[in-house]
Each structure stands twice: as structure tokens, then as C-alpha cells.
Amino acid sequence: PEIFASEDKGATPVELVLAGLAGCLTAGVASVAQMREIQLRSVTATLEGGMDIQGILGMDPDVRNGFDGIKVRFDIDADATKEEIEALVAQSQKRSAVYDILTNPTNVTVAVN
């Protein structure tokens, strides 16, 4: 996936999370399409993450530090019906490890050596 970072200073860590989600979902679409013998011509994933910078900067303790929502939009050109394409995306979403990590609680431990 191509990452469009602001001010051309490279991707931020949270933009890399979006890129990871885009890559995982897009790879899943390609894999499921191949298994279902659907010819893909192009797949474009566009992701948007909403975030209030006041949380990261510590300006407001009630504002979350991370995304308050992520929107994923696919533009897929394939030899398939709209319903078949929607089923490809749904199956990719079910199989995506990154989607699972982002949508389910994940225990994370942090230690200092």
C-alpha cells in the first residue's frame, strides 16, 4: 500500500497502523479472490482514522490518545458482481489478523530492562 503522509516527513506510527490494516485487508481480498477464481484488475483501499490531537499532547485527560474511529473504503475492479466483491471484502475482514488486533481487546505488556 502507498502511504500519503502529511508534510512529506514520512509516516507517523499511527499512519503505519492504517497502512498495516490496508495491507492485511488488501492481501486478504487478493487471496480470497484467487480461491474463488475471481479475476482482480485493481484493488485500492482508502483508510481514514479520526483522532483528536489533544489526547496525545496531554491537553485533555478525557480525550483518547488513539483513533476514535477508522473508515476503510475499497475500490475494486474485478470480473465479479457487486455482491461477490462485497463477499470478498467480508471474508478478508474475517481473516485479517490486523483487523482482529484493532477490533478486539489485546493484552499488551510493557517492561523496562
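User: At what angle do α1 and α3 pack?
Analyst: In this predicted model, the axes of α1 and α3 lie 8 Å apart. The crossing of the two helices is right-handed. The angle between α1 and α3 is about 120°.

User: Are α1 and α3 roughly parallel, roughly antiparallel, roughly perpendicular or oblique to each other?
Analyst: The packing angle of α1 and α3 is about 120°. Roughly perpendicular covers 65 to 115 degrees, and roughly antiparallel begins over 145. The angle falls in neither class, and therefore α1 and α3 count as oblique.

User: How many charged residues does the contact of α1 with α3 have?
Analyst: On the α1 side, the residues that meet α3 include Cys24, Val29 and Met35. On the α3 side, Leu88, Gln91 and Arg95 are among them. By class, this contact has eight nonpolar and five polar residues, and the number of charged residues is one.

User: Which element gives the largest share of the largest nonpolar core?
Analyst: The largest nonpolar core has nine residues: Val29, Val32, Ala33, Ile38, Leu40, Ile76, Ala78, Ile85 and Leu88. Two or more of these come from each of α1, β2 (69-78) and α3 (82-95). The largest share is three residues, and the element that gives it is α1.

User: Which residues does leucine 40 contact, leaving aside its neighbours within four places in sequence?
Analyst: Leucine 40 belongs to the largest nonpolar core. In general, nonpolar side chains tend to be buried together in soluble globular proteins. The contacts of leucine 40, with those neighbours left out, are Val29, Ala30, Ala33, Ile76, Asp77, Ala78 and Leu88.

User: Is alanine 22 buried or exposed?
Analyst: Alanine 22 sits in helix α1 (residues 13-35). Apart from the largest core lies another, of six residues, and Ala22 is one of them, as are Leu25, Leu47 and Phe67. The relative accessibility of alanine 22 is 7%; the cut-off is under 20%, so alanine 22 counts as buried.

User: How far apart in space are alanine 22 and aspartate 60?
Analyst: Along the sequence, alanine 22 and aspartate 60 are 38 residues apart. From C-alpha to C-alpha, their separation in space is 30 Å.

User: Why does alanine 80 count as partly exposed?
Analyst: Alanine 80 lies in the loop between β2 and α3. Leaving aside its neighbours within four places in sequence, alanine 80 is in contact with Ile38 and Ile85. Partly exposed lies between the cut-offs of 20% and 50%. Alanine 80 is in that class because its relative accessibility is 22%.

Conventions: Residues are numbered from 1 along each chain as its sequence is written. This is a predicted model: local features need pLDDT of at least 70, side-chain atom pairs count only at pLDDT 80 or more; totals for chains, interfaces and linings use all residues. Side-chain values use heavy atoms; hydrogens and water are left out. Helices (H or I, at least four residues) and strands (E, at least two) are DSSP runs, numbered from the N terminus. Buried means under 20% relative accessible area, exposed over 50%, partly exposed in between (1.4 Å probe, protein chains only). A nonpolar core is a set of buried Ala, Val, Leu, Ile, Met, Phe, Trp, Tyr and Cys residues joined through side-chain atoms within 4.5 Å. Contact means heavy atoms within 4.5 Å. Axes are lines fitted to C-alpha atoms, for helices over the stretch in contact, and angles run from 0 to 180 degrees between N-to-C directions. Angles under 35 degrees count as roughly parallel, over 145 as roughly antiparallel, 65 to 115 as roughly perpendicular and the rest as oblique. A crossing is left-handed if the near helix is turned anticlockwise from the far one by less than a right angle, and right-handed if clockwise. Ala, Val, Leu, Ile, Met, Phe, Trp, Tyr, Cys and Pro count as nonpolar, Asp, Glu, Lys and Arg as charged, and the others, Gly among them, as polar.
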